[in-house]
Amino acid sequence: MPEQQRPEQKVVEPEYLLLEAPRERKFITGSQAFAEAVKRANVDVAIAYPITPQSETMHLVGDLYAQGYVKDYYRAEEEYGAMSAIAGAVRGGARAFSATSGPGLLRGLEAIVSWPGHRIPAVLGVMTRVVNAPLSIQPDNIEIAYLLHSGLIVLHAENQQDVFDFTLAGFAISEKVDVYLPVVVATEGFFVTHAKGYVDLPPDDLKLPPRDPYKAPVPPTDCEIPPARIQRDAPVQKSNFMSYLIHAVWQQEVWSSNRRAAKWIKHYLGGLIEVVNPDAEVFIVASGCAAAQGREAQRYATMEGLNVGLVKVKSLRPFPEKELREVLKNAKAVIVPEHNIVGWLAKEVKAVIPNSGIVVDGPRVYGGMTLPVELIMDEIYKAFGIKKERKTVV
Amino acid sequence: MSLKIFKINEELKEYMPQEIIDLEEKATWGNPKRGVMDLPYAKELVEEHSLCAGCPESAAFRYILASLPDPENTVIVNSTGCSSLVFPHIALHTVHPLFGNQNAVASGIKRTLEWRFPDMNKDVVVIAGDGATVDIGLDCTLQSFFRQEKITTICFDNEVYANTGGQDSGATPKGMEFKMAPGGKQWDKVPMWQLAIDSGCHYVARLTVSSPKKVEQVVKKAIYVAREVGPTYIHLYTPCILEIGLNADQGLWEMRQRDKERFKFFEYMSDEAKEVIKKKKEEGLL
């Protein structure tokens, strides 16, 4: 689209846009929050394949393309093709956004998990949804487990506000020269994407600076810079021995870069975790929507005079290892509510604290069920040794 | 790309390997009339390929790289397989993405380079084997044709998964015996050139690499048409002499046999493509 047809937006630094610009409160869905972030992120290319519940987000991004906020946009053949084309666009020098969900994420997974190794700084929205059979389209977040071991930066949004902030910050973080990795912003489908919440938004006539593909640890594939012979991808073809070596050092660098993202997540988003009542005896540790329910449980428990705290894990990768060890060092019990059957967050928490026996596995809901606060309260009572009769209404 | 990029800093020249110095001094940059006739005299853009001795694919690489009209502005996207073994040895910007997603990656690159460099030709060429094109990557390949992406797709058809040890592919002719076709392949060779026409390619050619000059012509036509009109497709027979039991010096003989039958020269041009080709002929570029 010609430059003159593009909406007028002033370029400002991410620090100003995220941390200083005045904000106005809007009541919008999570999908709208994704689109509002894309609108202000100076995104060049958006490509995606339709899937419930993600489609609405990418419809809204398509509208942004029609209005000139995004330079190129198309509905891809499927997620493998979408995520591959995103990789191509980013190699070519574009800033790119896509989104997917559940089975679509798994279909695109080979491409998505190759992004860190190919050093593709893109932002991917993941609106979680049941994977595996039998079919359900509801917000179970087991798919996040597949993303944790790939080198991606994975942020988990609790609500619509997080979706906006994490996505906008995601673009800034992913393109830092000492990071240069893709950022996933995950949130629960429907609960967040289709429900409205209050989101404080900076003005929409501001946008992030454009991507500078030359401010990078690896060159763009655009024939504009030496050397002539560029293959950014580790040349396994040279020899098996070299391929072991190159893969090893390259992946070490990917994971070092992943850890280096922590300081930028702290800078733009105030930390890898948020703690409510740091002197608590019993903690709820949760991410995404489970953190919202955990927040309610913490409030109820406080009203009942129980010393309960909440740790919301904002960043799943890099994982807040030191931060969790520090906050939980005096905890009697750690309750980890989750929207999946495998309990990937509970496993992560157990792995980083010395006394993993204090971790309560659950409560967990799956298949896309809601997570009633009462289930978390039950675990809190158990942790304090309080016996409660639950009334059963038939 | 500026040709200055190929200039080596004088003070560092004594430390540079000879092949890099040759790339500056003896390679054919900035001349769209370059072609296979330069091969004996110019520095080639492929350095010591790592394919088997006598592999016809290596000949295909040499002819294609000698024929690119604007190599300094050409990105090549490859795919996993024998052909991908050569890319670290090619003096261009190349991408080794995954197995089968080459045309999707190329779409993203081409679209981005179009708006980043609106006043320049940035040619994006896909080179992938028959497995990557006809089997695992068929979806991404055909969909890029449907979308009318301005890329040139070249399939190196050796009628077998050679790099993984000799399994039949979609491009294997019916009846041929390979490791996953015990007793012979049970269905016909996929006529990829015809699918390319039906899917919207504006220039399609099918041939062996037995004639270097012919390869040069189709490569140039395909790239010029892709630049101005839309997707183009070249289907090249590059037999795997190893898997069909031939000696290193029999590749050319094998291709000449197939020139008479299933790889008989075939060319298709849409009306828009014909116009571009006519214009390029008038300009002396074809």
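The following paragraphs describe a predicted model of a complex, taking its chains in turn and then several individual residues.

Confidence is considered first. For the complex, the predictor gives an ipTM of 0.95 and a pTM of 0.95. Within chain B, the pLDDT averages 94, and 99% of the residues score at least 70. Where pLDDT is low, predicted coordinates should not be read in detail.

Chain A is built from 14 helices and 17 strands. A compact globule of 394 residues would have a radius of gyration near 21 Å, and the 21 Å of chain A agrees with that value. The C-alpha trace of chain A extends over about 70 × 50 × 45 Å along its principal axes. Of the 394 residues in chain A, 60% are buried. Among contacts in chain A with a sequence separation of 6 or more, 81% are accounted for by residues 24 or more positions apart. The accessible surface of this chain comes to about 15400 Å², and carbon and sulfur atoms hold 54% of that area. Chain A carries 43 positive and 46 negative side chains, and the centres of these two sets lie 3 Å apart.

Two peptide bonds in the backbone of chain A deserve attention. The bond from A:Thr52 to A:Pro53 is cis, with omega near -5°. A:Pro53 belongs to the loop that runs between strand 3 (45-48) and helix 3 (55-67) of chain A. A cis peptide bond also leads from A:Ala133 to A:Pro134, again with omega near -5°. A:Pro134 is located in the loop between strand 6 (123-128) and helix 8 (143-147) of chain A.

Chain B contains nine helices and seven strands. Its radius of gyration is 18 Å, close to the 19 Å that the globule rule gives for 286 residues, so chain B is as compact as a globular protein of that length. Along the principal axes, the C-alpha trace of chain B spans about 65 × 45 × 35 Å. Buried residues constitute 62% of the 286 residues in this chain. Of the contacts in chain B between residues at least 6 apart in sequence, 68% join residues at least 24 apart. Chain B exposes about 11300 Å², with carbon and sulfur atoms supplying 52% of this area. As for charge, the mean positions of its 34 positive and 40 negative charges are 5 Å apart.

Two glutamates of chain B have a positive phi, and their surroundings may be set side by side. For B:Glu48, phi is about 45°, although the residue is not a glycine. B:Glu48 lies in the loop between helix 1 (18-25) and helix 2 (56-67) of chain B. B:Glu48 is exposed, with a relative accessible area of 66%. For B:Glu159, likewise not a glycine, phi is positive at about 65°. This residue is placed in the loop between strand 4 (152-157) and helix 6 (192-198) of chain B. B:Glu159 is buried, with a relative accessible area of 1%.

A final residue is found in helix 1 of chain B, namely B:Leu23. With a relative accessibility of 7%, B:Leu23 counts as buried because that value is under the 20% limit. B:Leu23 and B:Phe6 are separated by 17 residues in sequence, and their C-alpha atoms are 7.4 Å apart in space.

Key. Residues are numbered from 1 along each chain as its sequence is written. Chains are lettered from A and ligands numbered from 1 in the order in which they are written. This is a predicted model: local features need pLDDT of at least 70, side-chain atom pairs count only at pLDDT 80 or more; totals for chains, interfaces and linings use all residues. Side-chain values use heavy atoms; hydrogens and water are left out. pLDDT is the predictor's confidence in each residue, from 0 to 100. Helices (H or I, at least four residues) and strands (E, at least two) are DSSP runs, numbered from the N terminus. The radius of gyration is taken over C-alpha atoms; the globule rule is 2.2 Å times the number of residues to the power 0.38. Buried means under 20% relative accessible area, exposed over 50%, partly exposed in between (1.4 Å probe, protein chains only). Contact means heavy atoms within 4.5 Å. Accessible areas come from the Shrake-Rupley method with a 1.4 Å probe; for residues, only the protein chains shown count as cover. Lys and Arg count as positive and Asp and Glu as negative; His and the chain ends are not counted. The place of a charge is taken as NZ of Lys, CZ of Arg, CG of Asp or CD of Glu.
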